[in-house]
Amino acid sequence: MTAEQLPRRVIEAVRAASADSAAPQPLHDPVFAGNEIAYLSECVETGWVSSAGKFVERFERDLADFTGSARAVAVANGTAALHACLRLVGVEPNDEVLVPSLTFVGTVNPIAYAGAIPHFVDSEPATLGVDPDKLAEHLEATLTRGPGGPRNRASGRRVPALVVMHTYGHPVRLDAVAAVCERFDLVLVEDAAESLGSYYRGTHTGNAGRVAALSFNGNKTVTTGGGGAILTNDPSLGALAKHLTTTAKLPHRWAFDHDLVGYNYRMPNINAALGCAQLEQLPGFLEAKRALAERYMTTFRDVPGVRVFAEPPHCRSNYWLNVLLLEPEAEPLRDAVLDATNAAGITTRPAWTLMHRLPMFASAPRMDLGAAESIERRLINLPSGVGTARGRGGNPSPGR
Ligand SMILES: *Cc1c(COP(=O)(O)O)cnc(C)c1O
């Protein structure tokens with residue numbers, strides 16, 4: 001494969017998998033093919049557009065039903081959801097929080113918002129998420145038990161929690177991850193921003209940790225314009241999540257009393273209205289996205305030097321963004337493929353720049369990140385939206 005051949009083969013394989021092969025293929029645009037306009041009109045006509053209204057309650061109930069979580073609390077975005085999650089599990093200033101380096105910056109910024117410091121951990125090629133075996137070895141060498149919980153022997157800081165992220169919708173090995181948390185006395189937090197509709201051993205992601213965060217940004221599997229949610233199976237933590245994200249106001253007929261420094265992180269009713277209409281379509285979206293992933297497996301089968309990433313064992317993934325992995329011999333051609341596909345109207349993207357290379361996190365503690373670095377060099381995201389899966393008819397609206 002040369003720098004001329006591989007990009008051409010990739011373009012052909014993407015077009016062959018797309019429902020409308022002549023159309024431009026965005027990375028992941030939203031599809032509004034249901035009750036969106038009806039529910040939005042209802043908000044405007046009734047005046048319930050803001051921080052109260054029936055769609056927020058319905059969206060939270062629908063989310064809890066879909067994910068099987070005891071409680072879902074809708075918030076302004078996924079980053080805010082993660083910030084609230086960290087506060088809810090007791091992360092404090094100057095703590096260290098374990099988190100993968102291979103993730104979107106929205107996983108790590110909330111650690112800094114909480115005044116804590118990220119401690120970067122490696123990912124594994126089998127799931128693209130945290131490698132629990134390598135993590136256990138690292139923690140064995142790094143942590144010591146103190147009166148307030150585990151501490152980093154070198155920095156002296158408390159290490160209360162691990163955040164895992166289900167990369168591009170593929171679940172991490174949650175059984176093994178939970179066992180590591182148990183063994184080292186860490187609280188597990190799931191960044192499930194990318195994994196709505198993804199299951200590990202039959203259970204929806206976001207139910208293994210004490211709390212989890214979802215995102216409904218414009219490019220996610222379903223969108224509320226901007227939005228997020230906190231999931232938990234602990235009812236008292238769920239009540240606290242609602243309280244903390246709604247300015248910690250004490251219920252009263254007319255008085256303004258607050259018992260904590262709360263956040264104004266609530267989701268407005270108009271965004272929840274959009275979300276209710278989107279959740280009605282989620283099963284169909286997932287079917288379309290999984291069918292597209294299967295077509296990619298077929299159309300890329302005979303393209304040498306690349307492989308479409310398939311859901312890990314025991315998982316059912318939403319295939320939020322399809323992943324093309326370059327074999328070592330094709331690794332030098334990554335940028336040529338990115339250039340040629342984007343020039344041809346096929347939106348492809350590399351992995352995120354690893355978090356430990358960003359200037360604000362460059363001095364954070366970390367373990368060996370060899371696997372994450374290798375994945376980063378070899379990974380390309382392919383167009384994965386429902387529009388690519390089904391054809392774009394009736395949905396001309398741009399995503400962001
Ligand atoms: C999208 C995303 C977030 C943040 O969600 P926003 O709603 O954009 O704030 C966090 N983590 C990951 C992994 C994401 O993909």
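## A walk from the sheet to a buried lysine

Start by selecting Asp191, which stands opposite Ala213 in S10. Keep in mind as you look around that this is a predicted model.

Now widen the selection to the two strands around that spot. Strand S7 covers residues 187–191 and strand S10 covers residues 211–215; they pair in the parallel sense over three bridges.

Next, bring in the whole sheet. S7 and S10 belong to an open sheet of seven strands, and reading across you should meet S1-S11-S10-S7-S6-S2-S3, with mixed pairing. Which strands are at the edges? Select S1 (71–75) and S3 (117–121): each of these edge strands pairs on one side only. If you turn the view to look across the strands, the twist averages 25° from one strand to the next.

With the sheet still displayed, add residues 78–88. This is helix H4, and it lies across S1, S6 (161–165), S7, S10 and S11 (228–232). Compare directions with S10 in particular: H4 runs at about 170° to that strand.

For the last stop, move to helix H9, residues 269–299, and pick out Lys289. Is Lys289 buried or exposed? Lys289 is buried, yet has no salt bridge. Try selecting Glu194 as well: this is the nearest side chain of opposite charge, and it is 10 Å away from Lys289.

What does the Lys289 side chain join instead? Show His28, whose side chain makes a polar contact of 2.9 Å with that of Lys289. To fill in the surroundings, leave aside the neighbours within four places in sequence and display the other residues in contact with Lys289: His28, Thr221, Asn318, Tyr319, Trp320, Ser384, Val386 and Ala389.

Methods:
Residues numbered from 1 in each chain as written. Predicted model: local features only at pLDDT ≥ 70, side-chain atom pairs only at ≥ 80, totals over all residues. Heavy atoms only, no water. Helix = DSSP H or I, 4+ residues; strand = E, 2+ residues; numbered from the N terminus. Buried < 20%, exposed > 50% of the residue type's maximum accessible area, 1.4 Å probe, protein only. Lys, Arg positive; Asp, Glu negative; His and termini not counted. Salt bridge = Lys/Arg side-chain N within 4 Å of Asp/Glu carboxyl O. Polar contact = N/O pair within 3.5 Å; in protein donor to acceptor, adjacent residues only side chain to side chain. Contact = heavy atoms within 4.5 Å. Pairing = 2+ DSSP bridges. Axes fitted to C-alpha atoms, helices over the stretch in contact; angles between N-to-C directions.
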